[in-house]
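Please read the following report alongside the sequence and the coordinates. It begins with the largest pocket and then turns to the strands and loops around it.

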Amino acid sequence: MALMNQKRIPARRSRPARSATGRPAGTGLYRPKRVRAGGTPTKPRKQRAPRHTPTPEAPPPSAPELSEKQRRHLRGLAHDLKPIIRLGNAGLTDAVATETARALHDHELVKVKASGGGDREARDALFTELAQRTASALIHRIGNVAVLYRPHATLPKILIPDPQA
């Protein structure tokens, strides 16, 4: 009975012989490169598919027309959001407009924060130009923060109430 309660201890494995450097014998610091033998030809590279020819662009989409009730609903949804886009000292650049358009495509409702300096008219012009360049509606602006909305073309995530209801 006493033999059954004892744990079985596995035997130690033997380790490979080590050289003076502490590495296993036969391995150096660098491994030799594998080289193909003889003149075996390498595989030919695959050719890239030709790029698609650009199709004529459709006219840029316009900003959605929203009633005051719809704007109020979107302001309520945007209250808890953090600013995704931050405008720096460079102002509105092409990269910022492109990133804002991508964020609007992903989220539909985006907060944008401008730098603190400058006057109110410059910030208003900056936000309206950003809304025009991204084909979005400027929902709300308080201080340095603006809210932009652009519904997704095929699958809108945000349901807004009817303008007449």
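## Pocket, sheet and loops

In this predicted model, the lining of the largest pocket comprises, by class, five nonpolar, three charged and two polar residues. The residues concerned are Arg75, Ala78, His79, Lys111, His140, Arg141, Ile142, Val145, Ala146 and Val147. Two or more lining residues are given by each of helix H2 (68–78), strand E3 (137–142) and strand E4 (145–149). The space in this largest pocket comes to about 170 Å³.

The overall layout gives these elements their setting. The protein contains four helices and four strands, and along the sequence they follow the pattern α-α-β-α-β-α-β-β. Of the 165 residues in the protein, 22% are buried. Among the contacts with a separation of 6 or more, 66% are made by residues that lie 24 or more positions apart.

The four strands form an open sheet, whose order is E1-E2-E4-E3 and whose pairing is mixed. E1 and E3 are the edge strands, each of them pairing on one side only. As a general point, strands of a sheet pair through backbone hydrogen bonds, in either the parallel or the antiparallel sense.

How many bridges join strand E1 to E2, and in which sense do the two strands run? Two bridges join strand E1 (residues 85–86) to E2, and the two strands run parallel. In this pairing Val112 of E2 is the bridge partner of Ile85, while Lys113 of E2 stands opposite Arg86. Between the two strands the chain passes through helix H3 (residues 94–107), in a β-α-β crossover that is right-handed.

On the other pairings, E2 and E4 are antiparallel and share five bridges, and E3 and E4 are likewise antiparallel, with five bridges. Leu109 stands opposite Tyr149 of E4, and Ala137 also stands opposite Tyr149 of E4. Val112, already named as the partner of Ile85, has Ala146 as its bridge partner in E4. Ala146 is also among the residues that line the largest pocket. His140 and Val147 of E4 stand opposite each other, and both of these residues belong to the pocket lining. The residue pairs named here are collected in the table.

| Residue | Opposite or bridge partner | Strand of the partner |
|---|---|---|
| Ile85 | Val112 | E2 |
| Arg86 | Lys113 | E2 |
| Leu109 | Tyr149 | E4 |
| Val112 | Ala146 | E4 |
| Ala137 | Tyr149 | E4 |
| His140 | Val147 | E4 |

Why can strand E2 be described as largely enclosed by the rest of the structure? Buried residues account for four of the five residues of strand E2 (residues 109–113), and the strand is therefore largely enclosed by the rest of the structure. E4 is mostly covered as well, since four of its five residues are buried. In the order of the sheet, E2 stands between E1 and E4, and E4 stands between E2 and E3.

Several loop residues have backbone angles that deserve a closer look. Glu108, which is placed in the loop between H3 and E2, has a phi near 75 degrees, a positive value in a residue other than glycine. Is the residue Glu108 buried or exposed? Its relative accessible area is 0%, and because buried means under 20%, Glu108 is counted as buried.

Ala135 offers a second case, found in the loop between helix H4 (120–133) and E3. Although Ala135 is not a glycine, its phi is positive, at about 55 degrees. With a relative accessibility of 8%, Ala135 also counts as buried.

A positive phi is present at Gly143 too, with a value near 60 degrees, in the hairpin of E3 and E4, where two residues lie between the strands. The strands of this hairpin, E3 and E4, each give two or more residues to the lining of the largest pocket.

Technical notes:
Residues numbered from 1 in each chain as written. Predicted model: local features only at pLDDT ≥ 70, side-chain atom pairs only at ≥ 80, totals over all residues. Heavy atoms only, no water. 1 Å grid on protein atoms, 1.4 Å probe; cavity = no way out; pocket = protein on both sides within 12 Å on 5 of 7 lines; lining within 4 Å. Points joined across faces, edges and corners; volume = space filled by probe spheres on them. Nonpolar A, V, L, I, M, F, W, Y, C, P; charged D, E, K, R; others polar. Buried < 20%, exposed > 50% of the residue type's maximum accessible area, 1.4 Å probe, protein only. Pairing = 2+ DSSP bridges. Right-handed = clockwise from strand over helix to strand, strands pointing away. Contact = heavy atoms within 4.5 Å.
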